[in-house]
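Okay, thanks everyone, I'll keep this short. Have a look at the structure on the screen, and then I'll walk through salt bridges, a pocket and a cavity.

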Amino acid sequence: METTTDGFARELWRRLEAIHTVTYFADESKEEAAAIGLRGFWRMYFAFRAAPLGVCSAGTVTAAFFGFAPSMVERAIPGVWELTTPAAALEARTAAATRTLRRLAAVSVETTADDPWVRGVLGDAVDHAPAGALPLFVANRDLPVPDDPVGALWQLATTLREQRGDGHVAQWTARGVAPAEVAVLFVAAGGTERDALQPHRGWTDAEWDEAIERRTAAGHLDAGGGLTPAGRALVDEVETATDRLADAPFVRLATTERRQLLDALTPTAVAVGRSDLIPAINPMGVPLLADG
């Protein structure tokens with residue numbers, strides 16, 4: 001299937017990521033998590049994000065999430081399922097995200113969520129996205145879409161966000177680059193800063209430095225830790241391939257419809273960006289929108 005390289009997938013990611021990621025940073029998420037017996041950010045994070053997978057091993061979650069040190073995942077999984085259930089976590093995360101989006105974006109998110117064309121396009125994209133080897137995408141795809149329009153918008157954005165993320169993981173895996181090595185390349189490429197990523201993914205200094213050594217030996221990092229031309233080419237290759245995979249669900253959209261979808265999602269993404277809820281330098285490396 002042909003996909004475009006018109007920048008749509010990257011711009012869509014900025015919008016979907018902003019809508020999805022409120023679930024990890026908002027007070028509403030902490031409140032909803034505490035109500036089901038989850039206290040502490042990382043218990044909430046792993047329970048909320050892993051809930052579509054059901055009760056499964058730490059190894060399964062580590063593989064699906066990809067970027068985390070196994071030891072960090074093991075501190076939360078499967079222990080969180082002794083405190084609550086995946087069903088309760090799914091309900092809590094949707095409730096929290098819905099409340100947060102209504103607080104931050106008010107009229108804009110209601111307008112977008114109530115637009116049957118937007119919901120139809122996003123729903124069609126979920127239905128037609130390639131699903132092979134994309135575990136978090138498939139797990140979210142198979143969830144019922146909430147009746148609440150804002151909850152439905154958040155779930156559709158989340159499902160498509162995970163589709164992109166799974167594709168990104170597949171691209172790095174196919175090239176034999178381990179999770180910690182991806183992290184050091186991401187920082188070297190300017191995607192985020194080490195202090196914003198390493199502690200949030202659980203890598204020790206020794207593990208981080210070993211990853212740097214392996215990528216230096218592979219010719220992707222120079223002696224100062226910067227990207228070599230080969231390293232830049234590798235990162236660009238993976239990002240371009242990821243964009244193509246993320247574009248595939250929308251191949252049926254005309255250029256004008258692509259612009260229409262981005263325009264419809266922009267006010268909510270801008271409201272999230274302006275709220276300062278998500279740090280400008282963040283572990284996801286998403287450049288937040290501040291202007292429509």
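So, a warm-up: is Asp142 buried or exposed? It's exposed, with a relative accessible area of 52%. Bear in mind that this is a predicted model, so everything I say is computed from it.

Let's stay with Asp142 for a second. Its side chain meets that of Arg141 in a salt bridge, 3.0 Å from N to O. Arg141 is partly exposed, at a relative accessible area of 32%. The cut-off for exposed is over 50%, so Asp142 with its 52% falls in that class.

How many of these salt bridges are there in the whole structure? The search finds 22. I'll pick out a couple more.

Take Arg102 and Glu110: they form a salt bridge, and the closest N and O atoms are 2.4 Å apart. Arg102 has a relative accessible area of 29%, which makes it partly exposed. Glu110 is partly exposed too, at 25%.

Then there's Arg194 with Asp209, whose side chains meet at 3.8 Å, N to O. Arg194 sits in helix α11 and Asp209 in helix α12, residues 205-217, so this pair ties together parts that are 15 residues apart in sequence. Arg194 counts as partly exposed at 29%, and Asp209 likewise at 34%.

Some bridges also share partners: Glu17, Arg49, Arg161 and Glu162 are joined that way into one network.

I want to pull out one member of that network. Where is Glu162? It's in helix α9, which runs over residues 149-174. And unlike the residues I've gone through so far, here the number is tiny: Glu162 has a relative accessible area of 2%, so it counts as buried. Leaving aside residues up to four places away in sequence, Glu162 touches Arg49, Leu136, Phe137 and Asn140. So Arg49 turns up both in that contact list and in the salt-bridge network.

Now, the empty space. The largest pocket has a volume of about 1,100 Å³. Its lining takes in 47 residues, and those nearest the centre are His168, Phe186, Pro283, Met284 and Gly285. Several helices give two or more residues to that lining, among them α1 (8-25), α3 (41-50), α10 (179-188) and α13 (229-247). Which element gives the most? That's α9, with eight residues. If you're thinking about chemistry, the lining splits into 27 nonpolar, eight polar and twelve charged residues.

Last stop, the closed space. With a floor of 30 Å³, the search of the whole structure comes back with one cavity. The volume of the largest cavity is about 80 Å³. Its lining includes Ala9, Leu12, Trp13 and Leu16, and also Leu160, Arg161, Gln163 and Arg164. Ala246 and Phe250 are on the list as well. α1 and α9 each supply at least two of the lining residues. By class, you get seven nonpolar, one polar and two charged.

One thread to take away, then: helix α9. It holds the buried Glu162, it gives the most to the lining of the largest pocket, and it supplies at least two residues of the cavity lining. And Arg161, from the salt-bridge network, is also among the residues around that cavity.

That's it from me, happy to go back to any of these on the screen.

Terms used. Residues are numbered from 1 along each chain as its sequence is written. This is a predicted model: local features need pLDDT of at least 70, side-chain atom pairs count only at pLDDT 80 or more; totals for chains, interfaces and linings use all residues. Side-chain values use heavy atoms; hydrogens and water are left out. Helices (H or I, at least four residues) and strands (E, at least two) are DSSP runs, numbered from the N terminus. Buried means under 20% relative accessible area, exposed over 50%, partly exposed in between (1.4 Å probe, protein chains only). Contact means heavy atoms within 4.5 Å. On a 1 Å grid over the protein atoms alone, a cavity is a set of points where a 1.4 Å probe fits but cannot get out, and a pocket is an open set with protein on both sides within 12 Å along at least five of seven lines; lining residues have an atom within 4 Å of a point. Grid points are joined across faces, edges and corners, and a volume is the space filled by probe spheres set on the points. Ala, Val, Leu, Ile, Met, Phe, Trp, Tyr, Cys and Pro count as nonpolar, Asp, Glu, Lys and Arg as charged, and the others, Gly among them, as polar. A salt bridge is a side-chain nitrogen of Lys or Arg within 4 Å of a carboxyl oxygen of Asp or Glu.
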